[in-house]
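Student: I'd like to practise reading a model from its pockets outward. Can you walk me through one?

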Amino acid sequence: TQTSKILILPGDGIGPEVMNEAIKVLKAFETPQRKFELQQELIGGCSIDIHGKPVTDEVKQAALTSDAVLFAAVGGPKWDNARRGLDGPEGGLLQLRKAMDIYANLRPCSSTSPSSSIAKEFSPFRHDVIDGVDFVVVRENCGGAYFGRKIEEEKYAMDEWGYSEAEIQRVTRLSAEVALRHNPPWPVISLDKANVLASSRLWRRVVERTMVAEYPQVKLVHQLADSASLILATNPRSLNGVILADNTFGDMISDQAGSIVGTLGVLPSASLNGLPGDKMPKTRPYGLYEPTHGSAPTIAGQNIANPVAMILCVALMFRYSLSMEAEAQCVENAVRKVLDSGLRTPDLGGKAGTKEMGDAIVSAL
Ligand code: NAD
Ligand code: IPM
Ligand code: MN
């Protein structure tokens, strides 16, 4: 029997509700040969309430000794005026990313996955604009403005937005490895503000140098991050490929990707320190799987949150951490089948509840 140890972090707001459905899906794949050992812990606001901090050392340690981490969402108005930054609820997630050194956050978005019918019927965009959109954002996840020095005074505040060559190199390599897993290789479209920011000029130089020297077979395009936002809303297919971005630009462009399908409720993500089978140096592979959305406090506790993003995180975990590609596709197909059947939560114009959606996906596996 193979037993995988999974750390479960439901967090705040809609987090516990969507996590319950993901656990149902995960458990459906247990067999006498394959077991999942689930350890559930607090993170975010609920951890602050009990332990006085958003993530404890014990939880960090559990993350470092698990085969994968499933994370739902943190934060909410209850903690908004208390501590922020690394000490606020969101800091629990940031500290975990840093502790695991999961420097690349993969955020796939396509108008056919999870379902072409929701894109057709629900996207705010015309179908001819978004038909065939298929990209993955590779967001640098452990550096930049998120983790630089900070000054926070009554009348002045500063976030240092810095990158080292090594930080840019490793995420560039990972983005190229993602590109090479497609046939023919996808282009890498690197976002920056090299016309304004010094860190972006280094970003552009290092991305260019690394790609030319190590991945000459992958086409590289540099795109200013602000105009990338416009292109995503006017000609999104021209961004098809791997969108490589630093922590801040990657955060923004991946939320904007939610507008293509019409909701953040269906977009999963994988935070990794490498891809299975790659040559990148690492002590051991780590993967934390989290929806792109947050804790959606205004819809929490009503059984109306869309569990699809969290459920698709289970698929990404199967793919990237547990060598279960067939099972990953099985989850993705079940999600597609249920969405195409018309069963949808209110964010997609439907009436289905969170639990109903999860049950239907389990039945469709
Ligand atoms: P949000 O992603 O929580 O919500 C944005 C919009 O999308 C809202 O209209 C919300 O109702 C909707 N939405 C999000 N997920 C949904 C789902 N699964 N089903 C249906 N609708 C969904 O972003 P926000 O409102 O800016 O932030 C709320 C809180 O979440 C803040 O405290 C923020 O810091 C936190 N946050 C956490 C994470 C995370 O834990 N990874 C990510 C983003 C924001
Ligand atoms: C995300 C979130 C987080 C981020 C917050 C909650 C720290 O918005 O995962 O996209 O900004 O990275
Ligand atoms: Mn975000």
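**Reading the ligand shells**

Tutor: Let's start with the shell around ligand 1, which by class has 11 nonpolar, nine polar and three charged residues. Keep in mind that this is a predicted model.

Student: Which residues come nearest to ligand 1?

Tutor: A shell list can be long, so pick out the front row. Here there are 23 residues around ligand 1, and Gly75, Gly265, His293, Gly294 and Asn306 come nearest.

Student: And which residues surround ligand 2?

Tutor: Gly75, Glu90, Leu93, Leu94, Asp251, Thr292 and Gly294 surround it. By class, that shell around ligand 2 has two nonpolar, three polar and two charged residues.

Student: Which helix gives the largest share of the shell around ligand 2?

Tutor: Helix H5, residues 89-100, with three residues.

Student: How much confidence does the predictor attach to this?

Tutor: Check the chain, then the complex. The chain averages a pLDDT of 95, and 100% of the residues score at least 70. For the complex, the predictor gives an ipTM of 0.97 and a pTM of 0.96.

Student: Let's try a single residue. Where does leucine 197 lie?

Tutor: Leucine 197 sits in the loop that runs between strand S8 (188-192) and helix H9 (198-214).

Student: Why does leucine 197 count as partly exposed?

Tutor: You count neighbours. Leucine 197 is partly exposed because 16 other C-beta atoms lie within 10 Å, while a buried residue needs 20 or more and an exposed one has 12 or fewer.

Student: How far is leucine 197 from alanine 179?

Tutor: They are 18 residues apart along the chain, and their C-alpha atoms are separated by 26 Å.

Methods
Residues are numbered from 1 along each chain as its sequence is written. Chains are lettered from A and ligands numbered from 1 in the order in which they are written. This is a predicted model: local features need pLDDT of at least 70, side-chain atom pairs count only at pLDDT 80 or more; totals for chains, interfaces and linings use all residues. pLDDT is the predictor's confidence in each residue, from 0 to 100. A residue is near a molecule or strand if its C-beta atom, placed from the backbone, lies within 6 Å of it. Ala, Val, Leu, Ile, Met, Phe, Trp, Tyr, Cys and Pro count as nonpolar, Asp, Glu, Lys and Arg as charged, and the others, Gly among them, as polar. Helices (H or I, at least four residues) and strands (E, at least two) are DSSP runs, numbered from the N terminus.
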